[in-house]
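Here's a quick walk through a structure you may not have seen before. Have the sequence and the 3D view open, and take it one step at a time.

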4 protein chains.
Amino acid sequence: MIIMKAEATEKEIANVVKEIKKYGLRADVSRGEFRTVIGLVGDERKIPFSHFAVLPGVKEAMMVETPYKLISKEYSKLFDEESEYRTIKVGNISIGGDEPIFIAGPCAVENRRQLFKIAEGIKKAGAHILRGGIFKPRSSVHSFQGLGANGREEAEEALSWLREAGKKLEMPVITEIRGETQVDLVAEYVDILQIGARNMYDQDLLTKAARKNKPVLLKRHFGAGIEEFLSFAEYIAAEGNKDIILCERGILPIGKGRNYTRYTLDLAAIPAIQKETYLPILADPSHATGRRDLIFNMSCAAIAAGAGGLMIETHYDPAEALVDGQQMITPDELKDVIDACQRIRRLVVSNKET
Amino acid sequence: MIIMKAEATEKEIANVVKEIKKYGLRADVSRGEFRTVIGLVGDERKIPFSHFAVLPGVKEAMMVETPYKLISKEYSKLFDEESEYRTIKVGNISIGGDEPIFIAGPCAVENRRQLFKIAEGIKKAGAHILRGGIFKPRSSVHSFQGLGANGREEAEEALSWLREAGKKLEMPVITEIRGETQVDLVAEYVDILQIGARNMYDQDLLTKAARKNKPVLLKRHFGAGIEEFLSFAEYIAAEGNKDIILCERGILPIGKGRNYTRYTLDLAAIPAIQKETYLPILADPSHATGRRDLIFNMSCAAIAAGAGGLMIETHYDPAEALVDGQQMITPDELKDVIDACQRIRRLVVSNKET
Amino acid sequence: MIIMKAEATEKEIANVVKEIKKYGLRADVSRGEFRTVIGLVGDERKIPFSHFAVLPGVKEAMMVETPYKLISKEYSKLFDEESEYRTIKVGNISIGGDEPIFIAGPCAVENRRQLFKIAEGIKKAGAHILRGGIFKPRSSVHSFQGLGANGREEAEEALSWLREAGKKLEMPVITEIRGETQVDLVAEYVDILQIGARNMYDQDLLTKAARKNKPVLLKRHFGAGIEEFLSFAEYIAAEGNKDIILCERGILPIGKGRNYTRYTLDLAAIPAIQKETYLPILADPSHATGRRDLIFNMSCAAIAAGAGGLMIETHYDPAEALVDGQQMITPDELKDVIDACQRIRRLVVSNKET
Amino acid sequence: MIIMKAEATEKEIANVVKEIKKYGLRADVSRGEFRTVIGLVGDERKIPFSHFAVLPGVKEAMMVETPYKLISKEYSKLFDEESEYRTIKVGNISIGGDEPIFIAGPCAVENRRQLFKIAEGIKKAGAHILRGGIFKPRSSVHSFQGLGANGREEAEEALSWLREAGKKLEMPVITEIRGETQVDLVAEYVDILQIGARNMYDQDLLTKAARKNKPVLLKRHFGAGIEEFLSFAEYIAAEGNKDIILCERGILPIGKGRNYTRYTLDLAAIPAIQKETYLPILADPSHATGRRDLIFNMSCAAIAAGAGGLMIETHYDPAEALVDGQQMITPDELKDVIDACQRIRRLVVSNKET
């Protein structure tokens, strides 16, 4: 990490960047109100810090040995002493601010009518962002893989419905990318690129998605510790894209005997992550519990734990859904969730301020 | 399970109980407003249900094959059609009602002065029940094991401080029993017997504690699924003691890389357990997270998830504590927690009613 | 699953395949000595089995609802009543036969000299297949990612060393593909495509790799149960490629307190998997334990458990390796491992025959 | 830890012990061929080591801060430079030597005839020690809890059968103690006291069992890391009883999808534990897998991993067993296991020596 002097010139900054590249690393230049900080992407042990410390314009040069540094609070504090958290703007929605953000919609887009009907329902319920799966990651090759599996034409059609529904209802839209070949296509149609839990470790996909310069929502893998979750978010930041929205969606259940939930929603990860990084973090109670009857309680709990918002699967008739019906709630139930969560959020935020 | 007719006489009930014993099982007689239900303790496959079905006064006789039936909602609904949950009264405190209950105090009782000072602090902060460890379960034989390890005399002295503090401040008191030989002694001094996570599987201890006819607080083992947790609570109910307070305190963390919390607080277990049993369930954010700076958020989250109360380690000077200082909060911090939790509880409960 | 009559004609088979496609599924045609069986790829609930049962040449048509059916023993037994296991031939090596197969080599290819020196060492030690990582999956974007990270030219150079070393020493070669864009390139140079544990869930990568019609070695994800591991292997089989080599490499460690191994090598998964599928399964004690001093014992144990071979990281000077030095053994140590394992294998196999 | 001079007198040793007690700790005096070492039981931070270093006869006084020190190799090497492992003698059987030891018998003792018939079968098969459960730990209070649950008289009768069978067939016998009140009784009848996985954390039970001065077989809890397993074995050693036999019996399974084994047999724990302690370690493939058809492979694997023996549930007619029939093998199958394991053991041990 290279901290530049307040009075460092652009030329001096460019020179440091050039020097960094000589050693086979990349530079992450962050310009704050008071100073510029240059993060190093790559193996810092190759860098002769004493040499960098005396380059023109450099105030300090030091090694940072954590696997996530570009997304750490320590890093952002160096150039932005004011705000502790990053706010990510998508359309007229701010993720990471005081208001909790609700992403809702069907697990899988099935047809135009289904998507629009649900989109209208969640809009009325107070949701902010529309989700809908087109490329579905599935445990079995023999299960429905989403409309995206039926070839590029059908994939584009489904993506265009999503974009259209978002425009009509003035909601940004998000969908999951599961493989590298889907990134370019999907990025044309949606506002936020989602990388699912199962793909969290897919560093080539993360890198490719990051380069689209759109916000990326990254879900924690169900086998990843917090450190590893953040280390993979760092792959996105390393491409210069800091618009990363983290999402806790449950880790592997353990324990003798049945557990009654599909995964274990690790809510303590939420405040723990907020001590480490400036990035916003949401929770997904739908996939975590796999149970419609636990969504209300776990939504309230996630917001109380400090989540900046929720992703909730919604369907006007869950029993009819092709995928994951047992965990979806209706738009009416969503409204109750949003109302309660907003009141809890105000309570938790106001308490923090006093 | 034997459901008696509404008009069944005491003699008929006694006769059924006698018949059950003949087959080597025990009877759990539950008298409700409308009818009496007799649960069977033991292997129901030995029972000839067709024979029981025609005994005088019997309405229905049927096999129930779950490992927890005496504590299940199905069982209680048979004789009590009104209330879904059991309220456990200790002194003037009701556990399992609308008001969340806060159990606070030091991890370990160290001396009289320390205990009284903390007790006064938590009383002022609004806590309802005083806790203090005297027999401490520890991973290392070389660590401080609590004053109870210094022989019966010191154990009794510490227990008497606890009782005295409780009386003075009008708070019921609770402490942990770790081994069978401690049960009789501890039961003389405290209002609630606590069985810690590590002893959850100790069925002989559970049985012995149950027989004291005092409320038993049972913590979930960090390796136990919900089904197994409830199956061991059933050991207490099988002794005729249904005053069981469950407590979620975190399960084993998993995941590659560091996790930043000591255990994983499984908050979804709380509403999931409330679907299964009429027993109240609390949460212990102190042991679950092992981090003082996460207590506020995780307390709020536990209450939002539906917990009937919290157990929180408290110390006027956490840095000075002999055990677990890094996870204790001060009485002032406890007050903030209680205030926020009470407001969240009202919000969650009122929402349920509408 | 459609079982054809022994006397079914090619035309009848083609007709069934055509019919299957009409319903949006794909057909996996397996021709055995006695009969032909047609597996269905996709959602079998869409198929009217009664209609298929009466098509010309069809003996039986039935639904199979497991997530892995094309790789199941049940399926292969229908058309091949003789052999229980599939033998995969690569060059003059047979994987899945009586002889245990040893894949060895460096964690990462660092330069030509290093690769050749190690390759010669392992050849002399008795290894059969040469491994060497070029695209390395890493937890930290700041760590060495393999020579493949330095652009296509360096990647090809490293791949050509691998191919050259293999030719010179008459050993098939294997390397890992981490992202879809690497598949075409890597398939030009190596004999076996490896998909690492972290990419096990990457169904697009699996599909793309399967289509190269080369054997694919698939490692179990550290968070995957056996059922899920096999379900993802099925993604490869669904492309018509049954040359799949499974590899157990350790699952997430759990437990309070330190565990002293990096992962938990799940050796019981090996015989358990052999009851389910005809595919060969190997073990990787290097990544599983992360400890050089446990490799000998755990190699012997894996072979005793029934593994068809091992993948072991080897380096002439582990201390000098850029990646994972602490878990590599020398060629001399490898020789001891191979000798002991071959003797154990003979013992275990001979016992099975009696 | 206090290392005495070679020429230290008994009086000097006694004086050091007396001094230790003054500080509230206990002394573990180990006399080796060359010198005496005094381990400290309790919190060593209370000890002024500089004061002890100058006491008469003391060579060195130093703090050791691991949770298991009395059972560590470092400790034993100080006074016994010769042998790396402890051999525990029970009757004419040596546990911890070159020969693998086989403990076999029924899960639960059901009646005299069943026990004797099985005992004869396992003796003929080559087993060394007879096991049989009388106090059974069970997940459900409604399941068969062993004959010990029927009162003291039946418990004693079952114990006397065990003793009688052992005498008749010249095999030491072992049974499980589940609660403190069973220790005195059971110790009268058996040669080895077993503490099951579920009771591993029950420090009061461990302490009480240790004091009977009989070998104690301690099973690893399914949620315990290796460090914690050894830390609880230390509770036994702290009572002066070093005749501790460790036993790995599987840890909690994890992973999405079904796992096909009841627990995960952590075989790498075996060599890892042998690097830490001089105590012998066995494996129990019956409870670990819960599957009869995996016993042969996993037994061979455990011995290959370095286990000093196995505990295997055996029944002449598994289908007839009241408990755990699906995981028991017959005496004939046991013979095959023992034969194969003995050959593997010779192979592994001879390899170590060269």
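**Two copies and a sheet**

Let's begin with how chains B and C relate: turn chain C by 180 degrees, with 0.0 Å of shift along the axis, and it superposes on chain B with an RMSD of 0.0 Å. The two copies are therefore related as by a two-fold rotation axis. Want a landmark for that axis? In chain C, look for C:Ile254, whose C-alpha is the nearest to the axis, at 3.0 Å. Keep in mind that this is a predicted model.

Now, which surface do the copies use to meet? Of the interface residues of chain C, 100% are also interface residues in chain B, so the copies meet through the same surface.

Over to chain A. As a reminder, strands of a sheet pair through backbone hydrogen bonds, and they can do so in a parallel or an antiparallel way. In chain A you'll find an open sheet of four strands, running in the order β2-β3-β1-β4 with antiparallel pairing. At its edges sit β2 (26-31) and β4 (58-61) of chain A, each of which pairs on one side only. Going from one strand to the next, the twist averages 20 degrees.

What packs on this sheet? That's helix α1 of chain A, residues 10-22, which touches β1, β2, β3 and β4 of chain A. The helix direction makes about 155 degrees with that of β2(A).

Finally, zoom in on one pair of strands. In chain A, β1 (residues 2-4) and β3 (residues 36-41) pair in the antiparallel sense over two bridges. Here A:Ile3 stands opposite A:Val37 in β3(A).

Definitions and conventions: Residues are numbered from 1 along each chain as its sequence is written. Chains are lettered from A and ligands numbered from 1 in the order in which they are written. This is a predicted model: local features need pLDDT of at least 70, side-chain atom pairs count only at pLDDT 80 or more; totals for chains, interfaces and linings use all residues. Side-chain values use heavy atoms; hydrogens and water are left out. Two strands pair if DSSP finds at least two bridges between them. Axes are lines fitted to C-alpha atoms, for helices over the stretch in contact, and angles run from 0 to 180 degrees between N-to-C directions. Contact means heavy atoms within 4.5 Å. Copies are superposed by least squares on the C-alpha atoms of residues with pLDDT of at least 70 in both.
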